[in-house]
Amino acid sequence: MKPTPADKRIEDNMQPGSISAEGFLGQDTRSLADIIRADQMAVSKLGLSHQQIADRLRELTDLGKKGLGSPIEHEGLLIAVDDYRGMIPCPFQDRISHDKRLTTCTSQKDGLSIRWSDLNVHMIEAHGFYEGLGSPFRVDPQTIAELLFT
Ligand SMILES: [Zn+2]
């Protein structure tokens, strides 16, 4: 399918230095549609849905917020929530913005760790987008399944 001008604008928003310094695509050379399609397949294969993943991430962020800046322990996970100044808009041009909040979840058993922002949760829920390979904020579905759905 040929990208529309709107698709082009979204892909521009994803480049480093547009909305975020690092951008959203990392070293990924695939089109946005291909990235989303591949993650959709990965998520289905894991027996999960974007909604289930977004709900789980949001639940853990809400728990972690209770630590008021200090990590909390929950079911063998260490959850830390850090707030940063300002808001970040969704690159999909839907007029949604989120606080710059980062949740880091680490297994107390083996140290496996994953982090996500509030914007990641929105992009997973609304757009099925986990960011490109090599992006510093990519939320890998496989790691989510291993760490948060066992
Ligand atoms: Zn959005």
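## A pair in the sheet

Let's start with one residue pair: Leu 77 of strand S2 has Ser 107 in S3 standing opposite. This is a predicted model, so please read the geometry below with that in mind. A little further along, Ile 79 faces Cys 105 of S3 in the same manner, standing opposite that residue. Both pairs belong to the antiparallel match of S2 (residues 77-89) with S3 (residues 97-107), and 10 bridges join these two strands.

## The whole sheet

How many strands form the open sheet, and in what order? There are four, arranged S1-S2-S3-S4, with antiparallel pairing. Strand S1 (72-74) and strand S4 (113-117) stand at the edges; each has a single partner strand, so one side of each has no neighbour in the sheet. On average, neighbouring strands are turned by 30° against each other, with direction ignored.

Helix H3, spanning residues 50-65, packs on this sheet and touches S1, S2, S3 and S4. The direction of H3 makes about 95° with that of S2.

## From S3 to S4

On the other side of S3, five bridges link that strand to S4, and the two run antiparallel. One contact to look up in your viewer is Thr 104, whose bridge partner in S4 is Arg 115. The hairpin of S3 and S4 has five residues between the strands, and there Gly 111 takes a positive phi near 80°.

## The nonpolar cores

In soluble globular proteins, nonpolar side chains tend to be buried together. Here, the largest nonpolar core has 18 residues. Which residues have the most contacts inside this core? They are Ile 124 and Val 139. The elements giving two or more residues to the core are H3, S2, S4 and helix H4 (118-127). Helix H4 supplies the largest share, with four residues.

Val 139 is a good place to look around. Leaving aside residues up to four places away in sequence, Val 139 touches Ile 114, Trp 116, Asn 120, Ile 124, Tyr 130, Glu 131 and Ile 144. Ile 124, then, is both a contact of Val 139 and one of the residues with the most contacts inside the core.

A second core, separate from this one, has six residues. Among them are Ile 10, Met 14, Phe 24 and Leu 25.

Conventions:
Residues are numbered from 1 along each chain as its sequence is written. This is a predicted model: local features need pLDDT of at least 70, side-chain atom pairs count only at pLDDT 80 or more; totals for chains, interfaces and linings use all residues. Two strands pair if DSSP finds at least two bridges between them. Axes are lines fitted to C-alpha atoms, for helices over the stretch in contact, and angles run from 0 to 180 degrees between N-to-C directions. Two residues are in contact if their C-beta atoms, placed from the backbone, lie within 7 Å. A nonpolar core is a set of buried Ala, Val, Leu, Ile, Met, Phe, Trp, Tyr and Cys residues joined through C-beta atoms within 7 Å. A residue is buried if 20 or more other C-beta atoms lie within 10 Å of its own, exposed if 12 or fewer, and partly exposed in between; C-beta atoms are placed from the backbone.
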